[in-house]
Amino acid sequence: MPRPLLTLPPVLAQCLAFGAGAAALWLILAAQLFVNVTPLAVHHTDAVIMLGGASAERLPVARQLQQELGARVLVLSHTDTPGNKLADEVCNTAQFPNPDLVCFRPGEYDTRGEAQAVGKLVRTNGWKSITVVTSSYHVTRAGRLMEQCTTADVQTVPSHPDFSPAQWLRRFVIETGGLIDVSLRPECPAGAQ
């Protein structure tokens with residue numbers, strides 16, 4: 001005689017269905033916000049800024065953009081961290097002052113610290129437009145932080161990491177939390193721009 005199938009109470013079944021639907025919707029939105037990121041038409045800019053981390057992925061994109069957009073300055077976040085090795089080597093071996101290269105150390109080694117430092121660089125140099133290069137999963141949050149800390153026109157351009165599904169899922173969770181945080185707790189006060 002076959003065993004009866006386990007049946008769930010209707011309320012629990014509805015909760016599970018709602019949860020599964022919400023998770024599927026979140027995955028679709030996360031993929032659009034963090035993976036399928038393409039810039040709108042990118043135009044001339046005063047500086048191309050590469051945010052710290054994943055420099056093996058980000059630095060080639062930043063250098064190519066500097067040439068394509070005719071930007072006179074390449075700006076690198078200098079963090080002395082393993083993920084930023086290539087950019088740090090450029091900064092450590094460059095001769096300064098250098099009109100084509102600016103290396104900065106953010107006060108805090110996170111995107112908020114970088115946004116504050118970039119805001120100061122924009123004010124100091126009188127830049128009207130900047131192009132920020134970072135990994136695709138980071139573009140939305142980084143762009144929002146940069147816009148909070150500067151009055152310059154901010155363009156964001158993604159580099160594309162080669163992640164496994166598990167790594168993407170981890171980034172989805174981190175970046176979703178980061179976007180919520182940036183929305184609830186803006187970085188730079190309006191007067192600091």
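Colleague: What makes Asp181 and Arg185 count as a salt bridge?
Modeller: Start with the distance in this predicted model: the closest N and O atoms of Asp181 and Arg185 are 2.9 Å apart. A salt bridge needs that nitrogen within 4 Å of the carboxyl oxygen, so the pair qualifies. Side chains of opposite charge can pair when their charged atoms come close.

Colleague: Are Asp181 and Arg185 buried or exposed?
Modeller: Neither word fits. Asp181 has a relative accessible area of 26%, and Arg185 has 47%. Buried means under 20% and exposed means over 50%, so Asp181 is partly exposed and so is Arg185.

Colleague: Which residues are joined into one network here?
Modeller: Arg112, Asp181 and Arg185, through salt bridges that share partners.

Colleague: How many salt bridges does the structure hold?
Modeller: It holds 5. One of them joins the side chains of Asp80 and Arg105, at 2.8 Å from N to O.

Colleague: What makes you say that Asp80 and Arg105 link distant parts of the chain?
Modeller: The two are 25 residues apart, with Asp80 in the loop between S2 and H3 and Arg105 in the loop between S3 and H4. Asp80 has a relative accessible area of 46% and Arg105 has 44%. Since the partly exposed range runs between 20% and 50%, that label goes to Asp80 and to Arg105.

Colleague: How do you know that Arg141 forms a salt bridge with Glu175?
Modeller: Same kind of check: the closest N and O atoms of Arg141 and Glu175 are 2.8 Å apart, and the limit is 4 Å. Arg141 sits in helix H5 and Glu175 in helix H6, so this pair ties together parts that are 34 residues apart in sequence.

Colleague: Why is Arg141 called buried, and what about Glu175, buried or exposed?
Modeller: Arg141 has a relative accessible area of 15%. The line is drawn at under 20%, so Arg141 counts as buried. Glu175 has 0%, so it is buried too.

Colleague: Now the nonpolar side. Which residues touch the most other members of the largest nonpolar core?
Modeller: Ile49, Val75, Trp127 and Ile130, out of 22 residues in that core. Elements that each give two or more residues to it are strands S1, S2 and S4, plus helices H4 and H5. The largest share, 5 residues, comes from H4. There's also a second, separate core of 15 residues, including Val48 and Cys91.

Colleague: Why is Ile130 called buried?
Modeller: Because its relative accessible area is 0%, and the cut-off is under 20%. Ile130 is found in strand S4. Leaving aside neighbours within four places in sequence, Ile130 is in contact with several residues, among them Ala47, Ile49, Val118 and Val122. Ile130 and His44 are 86 residues apart in sequence, yet 8.8 Å apart in space, C-alpha to C-alpha.

Colleague: And which residues does Ile49 touch?
Modeller: Not counting residues up to four places away in sequence, they include Val75, Phe104, Val118 and Ile130.

Colleague: How do you know that the span of H4 is close to the one expected?
Modeller: H4 has 15 residues and reaches 21 Å from its first C-alpha to its last, and the expected value at 1.5 Å a residue is 21 Å. The buried residues of H4 pack against S1, S2, S3, S4, H5 and H6; among those buried residues are Ala115, Val118 and Leu121. Just after H4, Gly126 takes a positive phi of about 70 degrees.

Colleague: What covers the buried residues of H2?
Modeller: The cover includes S1, S2, H3, S4 and S5. Leu59, Ala62 and Leu65 are among the buried residues of H2. This helix has 15 residues and reaches 20 Å, close to the 21 Å expected. Just after H2, Gly70 takes a positive phi of about 70 degrees.

Colleague: Last one. What makes Leu6 count as exposed?
Modeller: Its relative accessibility is 78%, and exposed means over 50%, so the label fits. Leu6 lies in the segment before helix H1. Together with Leu8, Leu12 and Leu16, Leu6 makes a nonpolar surface patch of about 420 Å².

Technical notes. Residues numbered from 1 in each chain as written. Predicted model: local features only at pLDDT ≥ 70, side-chain atom pairs only at ≥ 80, totals over all residues. Heavy atoms only, no water. Core = buried A, V, L, I, M, F, W, Y, C linked by side-chain atoms within 4.5 Å. Buried < 20%, exposed > 50% of the residue type's maximum accessible area, 1.4 Å probe, protein only. Helix = DSSP H or I, 4+ residues; strand = E, 2+ residues; numbered from the N terminus. Contact = heavy atoms within 4.5 Å. Patch = residues over 30% accessible without salt bridge, like charges linked within 9 Å, V, L, I, M, F, W, Y side chains within 5 Å. Areas by Shrake-Rupley, 256 points an atom, 1.4 Å probe, with all protein chains shown as cover. Expected span 1.5 Å × (residues − 1).
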